[in-house]
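Let's take a walk through this structure together, one piece at a time. Keep the 3D view open and follow along as we go.

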Amino acid sequence: TIKHQIVNSFTHRGELRKAKRIVVKLGSAVVTRGDECGLALGRLASVVEQVAMLQNQGREMMIVTSGAVAFGKQRLRHEILLSQSVRQALHSGQNQIKDMSVPVFEARACAAAGQSGLMALYEAMFTQYSTCTAQVLVTNLDFHDDQKRWNLNSTLQELLRMNIVPIINTNDAVVPPPEPNSDLQGVNVISIKDNDSLAARLAVEMKADLLIALSDVEGLYDSPPGTDDAKLIDIFYPGDQLSITYGTKSRVGIGGMEAKVKAALWALQGGTSVVIANGTHPKVTGHVITDIVEGKKVGTFFSEVKPAGPTVEQQTEMARNSGRTLAALHPEQRGEIIRHLANLLVEKKEEILAANKMDMDIAVNAGQLSSALLNRLSLSPAKLNSLAIGLRQIALASRDSVGRVLRRTRVAHNLELEQITVPIGVLLVIFEARPDCLPQVSALAIASGNALLAKGGKEAANTNRILLELTQEALDIHWVKEAVQLVSTREEVEDLCRLDEMIDLIIPRGSSQLVKNIQSAAKGIPVLGHSEGICHVYIDSEAAIDKAIKIVRDSKCDYPAACNAMETLLVHRDILRTPLFDQIIDMLRTEQVKIHAGPRFASNLTFSPSEVKSLRTEYGDLECCIEVVDSMQEAIDHIHRYGSSHTDVIVTENEDTAERFLQQLDSACVFWNVSSRFADGYRFGLGAEVGISTARIHARGPVGLEGLLTTKWVLRGDGHTAADFSEQGTMEYLHENLPVTQPQPRQIAAQSEE
């Protein structure tokens with residue numbers, strides 16, 4: 001049940017889901033067309049649909065709308081032109097009327113002509129959702145007279161009680177023009193001079209939980225939108241208005257952003273939360289209101305409570321700036337940071353384990369985590385020692401990572417081109433109940449010179465906090481403490497994925513559902529990872545019995561929840577009803593693996609196991625599918641159709657068959673007579689991995705240090721210009737490949753001073 005907020009406004013976006021009574025203010029730019037004559041029917045319909053949906057959820061919705069003047073202007077223009085054309089026709093023989101121009105209409109007359117049509121349109125649209133509406137026209141005087149104000153309040157309360165959506169507008173047919181200097185005057189008085197101030201006054205009068213003000217801008221910017229370095233403000237706090245430079249008002253309407261901010265702050269002071277957002281953008285109009293109510297990061301949210309720490313945008317900016325300094329360090333200095341972190345993991349293990357015990361106790365008492373997740377959440381001295389060893393390997397590998405020359409070309413005389421490795425930039429790593437992930441990915445980010453923004457699962461909050469402190473302590477030995485940041489605010493993953501101008505790569509570490517959600521939400525940021533691990537083992541007709549049994553057992557039973565565990569066993573038809581097949585089935589039964597039969601396998605059995613629902617299933621448990629194929633090529637076709645391009649295995653003694661399988665199969669990892677569990681960065685000798693990627697570009701398979709680097713081109717010349725190589729020029733291209741020699745590491749400042 002949604003409870004009604006009375007006094008205090010919500011302090012963060014996540015609480016907006018609790019909003020019971022909501023006022024939606026539609027600015028003139030939202031309601032009217034670009035030519036300001038007539039209504040934007042598509043936008044209006046999407047707004048009505050969202051309001052009706054929220055109303056049907058049990059919320060109390062009110063709309064403060066503009067549009068009467070624009071609708072009336074359209075009607076009056078049509079009437080004038082029609083009248084003139086009739087008169088023109090009547091006097092056509094006398095040539096008396098030549099001027100067909102349309103006069104400038106007075107706003108109050110337009111409002112009078114448009115009000116009824118606007119209301120009829122709302123009523124028709126809401127009727128489609130079985131929602132009743134009522135029109136309420138108000139003026140400034142209605143709020144100054146106590147009796148009128150009480151009557152208005154009583155009327156609106158009664159309408160809301162009857163599940164009716166009140167549609168409120170200023171009575172522009174009689175209202176006087178706004179006074180230039182009438183402004184918001186304290187807590188108890190607000191001058192109704194536009195629909196922003198009307199919506200604010202109404203929201204406070206009606207004790208609304210939330211006021212959504214839709215306009216034609218994304219929200220509030222720290223400087224006029226469109227100017228260089230203008231940034232959208234996610235959360236605005238009272239007192240911040242002194243640091244804001246306002247631009248011009250919207251293309252229509254009498255309010256501007258300054259008026260909106262003042263009205264919003266007045267409403268906030270009165271106990272109503274406020275969000276200012278864009279209601280005209282075609283990609284978001286259809287869900288902007290519902291997104292706001294769901295707590296998503298849309299527009300500018302006004303809050304009275306300022307958090308103690310930096311915002312996620314500020315954290316990302318800090319990480320990027322510090323990350324550039326990190327990338328410029330000597331390789332040995334980056335290695336020193338990682339070795340120091342490895343030492344801290346061992347030295348401070350008692351503190352780490354104490355924090356981890358707190359997380360484990362909370363998780364066990366809550367009873368919401370599976371045994372597999374609890375195992376991932378748990379840390380031990382052995383795990384920390386193993387983690388420290390892995391970090392030292394990364395430190396060793398970091399010596400020749402950033403700045404390595406991959407290619408050298410002499411383009412022309414005294415003109416040399418190099419391709420060198422550089423960091424990607426800012427990495428966002430999102431991981432679930434897995435605290436050992438934080439120091440691991442931090443070390444990889446440091447080694448590759450990347451800044452890191454980490455979002456850990458709340459299940460490991462205490463462990464993550466101390467691990468971040470140790471990571472930043474290690475970074476601080478070379479004054480790059482802020483290069484690694486942990487997002488501890490209530491940021492939704494979807495909101496983080498929208499920071500496309502600040503984050504360069506997202507790496508999800510967690511369930512397939514987490515990865516799918518991130519891939520769906522990250523429209524403008526590349527995602528490194530895989531959403532599914534549907535791995536196959538194909539037993540060829542020429543497979544060795546002992547190898548086949550060992551590989552199938554290890555691939556399925558070693559760690560069934562791993563992404564590189566076997567999910568489908570493909571068997572050549574020739575080995576059905578042979579000792580090899582019988583022994584595989586006996587082994588799976590002994591290991592308590594539940595078998596699902598593929599359609600072709602089921603047709604060969606009198607009494608088959610349960611037939612599989614889908615051949616594209618990741619079980620993540622002691623379950624697997626068995627299917628029959630007639631050839632190696634058919635196995636490849638099956639994997640291409642139902643697999644996830646993760647890891648696939650052939651078991652055979654025929655080298656030609658194996659080589660064709662390895663060459664033709666299009667997966668990130670393709671193995672011959674090897675368990676699928678070998679698809680792992682540590683087993684590949686990468687030291688550690690940030691994940692396994694099934695993407696077609698950039699890194700593929702287990703991704704270690706190399707996968708966190710990109711390249712840039714460096715050209716060194718001596719006053720060369722493109723004109724030098726034209727027909728009139730004196731130079732010729734050589735394009736000679738030169739030996740790749742790595743630059744000598746520059747001396748560390750501290751050493752050169754000795």
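## Helices side by side, and what surrounds them

Let's begin with α15 and α16, which are roughly parallel to each other, because angles under 35 degrees count that way and their axes cross at roughly 25°. Before going further, keep in mind that you're looking at a predicted model. To find the two helices, look for residues 437-447, which make up α15, and residues 461-475, which make up α16. Their axes come within 10 Å, and the crossing is right-handed.

Now zoom in on where these two helices meet. On the α15 side you'll find Leu438, Pro439, Ser442 and Ile446, and they meet Asn464, Leu467, Leu468, Thr471 and Leu475 in α16. What kinds of residues are these, nonpolar, polar or charged? The contact divides into six nonpolar and three polar residues, with no charged ones.

Helix α16 has another helix partner to look at: α11, residues 331-347. Here the axes are 8 Å apart and the angle is about 140°. That value isn't over 145, the cut-off for roughly antiparallel, so α11 and α16 are oblique to each other. The crossing is right-handed here too. From α11, the residues Ile337, His340, Leu341, Leu344 and Leu345 come up against Leu467, Leu470, Thr471, Glu473, Ala474 and Leu475 of α16. Sorted by class, this contact holds eight nonpolar residues, two polar ones and one charged one. If some names sound familiar, that's fair: Leu467, Thr471 and Leu475 of α16 meet α15, and they meet α11 as well.

Next, let's turn to the sheet. As a reminder, strands of a sheet pair through backbone hydrogen bonds, either parallel or antiparallel. Which of the two do we have here, parallel or antiparallel? The pairing is parallel, and the four strands form an open sheet in the order β15-β14-β13-β16. At the edges stand β15 (484-486) and β16 (505-509), and each has a single partner strand, so one side of each has no neighbour in the sheet. Going from one strand to the next, the sheet twists by 20° on average.

Within the sheet, try tracing β13, residues 426-431, alongside β16: the two pair in the parallel sense over five bridges. A handy spot to check is Ile430, which stands opposite Pro508 in β16. And here our earlier helix returns: α16 packs on the sheet, where it touches β13 and β15, and its direction makes about 165° with that of β15.

Now head to another part of the chain, where helix α2 (residues 41-56) packs with helix α4 (residues 107-127). Their axes are 10 Å apart and the angle is about 50°, which makes α2 oblique to α4. This crossing is right-handed. Leu41, Leu44, Ala45, Val48, Val51 and Ala52 in α2 meet Leu121, Tyr122, Met125 and Phe126 in α4. By class, the contact has ten nonpolar residues and no polar or charged ones.

One last stop: aromatic rings. How many aromatic pairs does a search of the whole structure find? The search finds five. Among them is Phe671 with Phe684: the ring centres are 6.5 Å apart and the planes are at 65°, so the pair is edge-to-face. Phe671 belongs to strand β22 (residues 669-672), while Phe684 lies in the loop between β22 and β23 (691-693), so the pair links parts of the chain 13 residues apart.

Note on methods:
Residues numbered from 1 in each chain as written. Predicted model: local features only at pLDDT ≥ 70, side-chain atom pairs only at ≥ 80, totals over all residues. Heavy atoms only, no water. Pairing = 2+ DSSP bridges. Axes fitted to C-alpha atoms, helices over the stretch in contact; angles between N-to-C directions. Contact = heavy atoms within 4.5 Å. Parallel < 35°, antiparallel > 145°, perpendicular 65-115°, else oblique. Left-handed = near helix turned anticlockwise from the far one by under 90°. Nonpolar A, V, L, I, M, F, W, Y, C, P; charged D, E, K, R; others polar. Phe/Tyr/Trp six-rings, centres within 6.5 Å; stacked < 30°, edge-to-face > 60°.
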